[in-house]
Amino acid sequence: MIENLCVILGDQLSQNIASLKNFRKEQDKILMMEVVNEASYVNHHKKKLVLVFSAMRHFAENLKKQGYPIIYSKIDNSSNTFTEELVKHCKNIKPKKIVIVHPGEYRVLQEIKKWKKILKIPVSIIEDNRFFCNIDEFQKWAGNKKELRMETFYRMMRKKHHILVDDDGKPQGGKWNYDVKNRKRLPKSHPKIPQLLEHRPDRITNQVIIDVKKKFSKHFGDLEPFWFATTNQDAMKNLEEFIENRLELFGPYEDAMVQNEKFLYHSVLSMYLNIGLLEPKQVINKVLQKKNISIESIEGFVRQILGWREYIRGIYWHEMPKYSKTNFFNAKNHLPEFYWTGKTEMNCMKNCLKQTIQDAYAHHIQRLMITGNFSLIAGIDPKQVCDWYLSVYADAFEWVELPNTHGMTLYADGGILGTKPYAASGNYINKMSDYCKECKYDVKQKEGKDACPFNYLYWNFFLTNREKLENNPRLWTTFSNIKKMSKERKKQIKNDSKKFLIQIKKI
Ligand SMILES: Cc1cc2nc3c(=O)[nH]c(=O)nc-3n(C[C@H](O)[C@H](O)[C@H](O)COP(=O)(O)OP(=O)(O)OC[C@H]3O[C@@H](n4cnc5c(N)ncnc54)[C@H](O)[C@@H]3O)c2cc1C
Ligand code: SF4
């Protein structure tokens, strides 16, 4: 008889995962499941499906080699849900208890909570120790605070974990935050950017590619060429390559966007971090060991992982389930079809969408200030926008996707996460990218059919949501400009926006 059945989910692929800590090979068993519902509850990018299934199969094979007894359900022979598949195996092996690490998503936690009743055995949900800040600690930090600001949280984490702080608790280099120095556009004369390390699919990955082609051919995105790491060793090589070749310029060009340069100096590690092939503590330790890197880049990168990533997870568990239901601006427009096809004449959108279709990747500013900004100022329904982001990126899991999209990008939470909506006109995009020079639209024109749609949609957004936003002190300049606007100009903005929004419905 089996004592503990240890269930390992597809985003828990870390050798140090807490559920394996007290595992006894003679009397416990591991269960890993590829199930249809998880692969299809949104229209996941095909490359994301290959990443998760291939990484799971590699992880299982590695555990087997180390003598762990393991049951593995592959997608071609598996049930619809975790619960159905688990019930099937429990009937055969009759474990005394289920052990599982706390899942990343609220939806999955609700499913797990029902297992005790269905299986009539205890279910132990143990803490995920891969994060710097656990859920309870974040709740305590949040306490009765009026505002849950990332910067305050981040400083607390730096001090607590003694990262980039002196012995007296002061920030190394004298500042907590080097953001102002990190907003450079990539100059034309910039030398060639180092190429990202890509991996050839091995036997296991090739089989997964066949399985995904067979079962999920209608899903979003290009399946091949597939180049992601699918093991901890290969993901580690990507981390090393990033530290060696791209970390130094990560900070200064963090916000830059360039046509046909998908990755720039970004790490492209989120998909490995989010499924457990890399662990945040390991990544930060390695980065801190690197000598002769500017404080702007080191701090900029540490802030993303120790600050943003942990804070976003904290907000998710602090606010769910009500968080996903809010719609502060009452935005109701449908997500335009071009989000799925990339067929639009807005060159910035086309570039970001094209690379999303090809590689299930776009960097933060592309997600926030191009596709996200457009969906905010075009008044698109938050649920449809969130489903899109959850589908199309290889790193998208609800705990990290939802606060970033619903909160940071759409301000649909009314300001729990951000202090103001990240709305921007074409001017910002032109400043930070080279997209505008090859666009059908004219970024300098403010009105009429040739004007950049971001220009009039931007003002239309503030005119439409004036009552909800005009008392926000961070928007003082925006609304003082609106006060100075003539009636005719306002009317023109409304007309241009209305025409454009009707026109994109037809594409
Ligand atoms: C609308 C929107 C949706 C997003 N959805 C996701 C998502 O589903 N999954 C996801 O991991 N990230 C998401 N992000 C955050 C961020 O865009 C990605 O983490 C980042 O682009 C991944 O690329 P990278 O590994 O090259 O990151 P880098 O720019 O190299 O940053 C380093 C690491 O920091 C972490 N990080 C940076 N910013 C954030 C952030 N805002 N939230 C959480 N972690 C962060 C990531 O782990 C990332 O790998 C989203 C951002 C926006 C604006
Ligand atoms: S002109 Fe407007 S739509 Fe075209 S690339 Fe620039 S910002 Fe995008």
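**Exercise 1. Place S391 in this predicted model.**
Task: Which residues does S391 contact, leaving aside neighbours within four places in sequence?

Solution.
- Step 1. List the contacts. S391 is in contact with V42, N43, H44, H45, K48 and W340, leaving aside its neighbours within four places in sequence.
- Step 2. Look for a polar pair. A polar atom of the S391 side chain lies 3.5 Å from the backbone nitrogen of N43. N43 is also one of the listed contacts.
- Step 3. Find the element. S391 sits in helix α17, residues 382-392.
- Step 4. Judge burial. The relative accessible area of S391 is 1%. Buried means under 20%, so S391 is buried.

**Exercise 2. Treat R367 likewise.**
Task: Is R367 buried or exposed?

Solution.
- Step 1. Locate the residue. R367 belongs to helix α16.
- Step 2. Take the accessibility. R367 has 17% relative accessibility, so it counts as buried.
- Step 3. Name the partners. R367 touches Y361, A362, G372, Y389, Y393 and D395, not counting residues up to four places away in sequence.

**Exercise 3. Describe the site of ligand 1.**
Task: Why does ligand 1 lie between domain 2 and domain 3?

Solution.
- Step 1. Check the domains. Domain 2 (135-193 + 246-319) gives residues to the shell around ligand 1, and so does domain 3 (338-506); therefore the ligand lies between them.
- Step 2. Add the helices. α11 (270-275), α13 (295-319), α16 (364-377) and α18 (398-409) each supply at least two residues of this shell.
- Step 3. Pick out the nearest residues. Of the 30 around ligand 1, H266, S267, V268, N274 and Y361 come nearest. Y361 also touches R367.
- Step 4. Sort by class. The shell around ligand 1 holds 16 nonpolar, ten polar and four charged residues.
- Step 5. Find polar pairs. Oxygen atoms of ligand 1 are 2.9 Å from a polar backbone atom of L269 and 3.0 Å from a polar backbone atom of S270. A nitrogen atom of ligand 1 is 3.3 Å from an N or O atom in the side chain of Q304.
- Step 6. Assess cover. Ligand 1 taken alone exposes 810 Å², and the protein buries 99% of that.

**Exercise 4. Turn to ligand 2.**
Task: How many residues of each class does the shell around ligand 2 have?

Solution.
- Step 1. List the shell. Around ligand 2 are M346, N347, C348, G426, I429, Y435, C436, C439, Y441, V443, C452 and F454.
- Step 2. Count the classes. Ten are nonpolar, two are polar and none is charged.
- Step 3. Name the helices. α15 (347-359) and α19 (426-432) each supply at least two residues of the shell around ligand 2.

Definitions and conventions
Residues numbered from 1 in each chain as written. Chains lettered and ligands numbered in written order. Predicted model: local features only at pLDDT ≥ 70, side-chain atom pairs only at ≥ 80, totals over all residues. Heavy atoms only, no water. Near = heavy atom within 4 Å. Polar contact = N/O pair within 3.5 Å; in protein donor to acceptor, adjacent residues only side chain to side chain. Areas by Shrake-Rupley, 256 points an atom, 1.4 Å probe, with all protein chains shown as cover. Helix = DSSP H or I, 4+ residues; strand = E, 2+ residues; numbered from the N terminus. Nonpolar A, V, L, I, M, F, W, Y, C, P; charged D, E, K, R; others polar. Domains from an automatic or database assignment. Buried < 20%, exposed > 50% of the residue type's maximum accessible area, 1.4 Å probe, protein only. Contact = heavy atoms within 4.5 Å.
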